[in-house]
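Visitor: Hi, I'm new to this one. Could you walk me through it?
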Amino acid sequence: MAYGDIGGTVTELVITCRTPDSGPVSIRRGDALVLAGPYTVTNAATAEDPVFGQAMADCDRNGAFIPVRLRGVCQFAYTGAAPAVDGLSGVVCAGAGGAVKAPESGAGTGLALKTESAARTVDVLL
């Protein structure tokens with residue numbers, strides 16, 4: 001798969017996970033997900049949680065199967081200041097809702113490749 005400005009092939013790893021068995025579920029395609037249990041993912045994260053992967057489908061049901069991109073280039077919505085594109089920094093969860101942000105300390109997950117300030121998106125290599 002060729003991807004935008006990278007100009008080469010990018011390998012992706014997609015696995016099937018599940019949504020939690022109880023509680024509210026409102027996952028949207030493109031959301032940053034956190035690991036909530038064995039093969040269980042949610043976008044109901046707290047700020048600074050590590051990003052596990054990206055939702056590849058919408059889901060509103062408990063105990064449902066959902067494809068999750070674990071490796072590859074993911075485009076996430078971000079909040080706050082744009083994550084640094086410096087060859088060292090990644091992202092962390094911004095809180096519930098599937099957005100990411102620049103980490104307050106440490107490098108975060110992945111590697112930020114490109115930010116679009118007008119669209120408030122960041123491309124991250126997980």
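Guide: Sure, we'll talk about the nonpolar cores and then two backbone angles. Keep in mind that this is a predicted model.

Visitor: Okay, which residues touch the most other members in the largest nonpolar core?
Guide: Those are V51, F76, V91, V100, V122 and V124, and the core has 14 residues. Two or more residues each come from β2, β6 (73-77) and β10 (121-125).

Visitor: What does V51 touch?
Guide: Leaving out residues up to four places away in sequence, V51 is in contact with A32, L33, F76, V91, V92, C93, V100 and T109.

Visitor: And what lies apart from that largest core?
Guide: Another core, this one of 11 residues, including V25, I27, A55 and C59. In soluble globular proteins, nonpolar side chains tend to be buried together.

Visitor: Switching topic: what's the phi of Y39?
Guide: It's near 55°, so a positive value, and Y39 isn't a glycine. Most residues other than glycine have a negative phi.

Visitor: Where does Y39 lie?
Guide: In the loop that links β2 (32-37) and β3 (40-42).

Visitor: Is Y39 buried or exposed?
Guide: Exposed, because its relative accessibility is 57% and the cut-off for exposed is over 50%.

Visitor: What about E48, what's its phi?
Guide: E48 also isn't a glycine, and its phi is positive, about 80°. You'll find E48 in the loop between β3 and β4 (53-55).

Visitor: How exposed is E48?
Guide: Partly exposed, as its relative accessible area is 27%.

How values were computed. Residues numbered from 1 in each chain as written. Predicted model: local features only at pLDDT ≥ 70, side-chain atom pairs only at ≥ 80, totals over all residues. Heavy atoms only, no water. Helix = DSSP H or I, 4+ residues; strand = E, 2+ residues; numbered from the N terminus. Buried < 20%, exposed > 50% of the residue type's maximum accessible area, 1.4 Å probe, protein only. Core = buried A, V, L, I, M, F, W, Y, C linked by side-chain atoms within 4.5 Å. Contact = heavy atoms within 4.5 Å.
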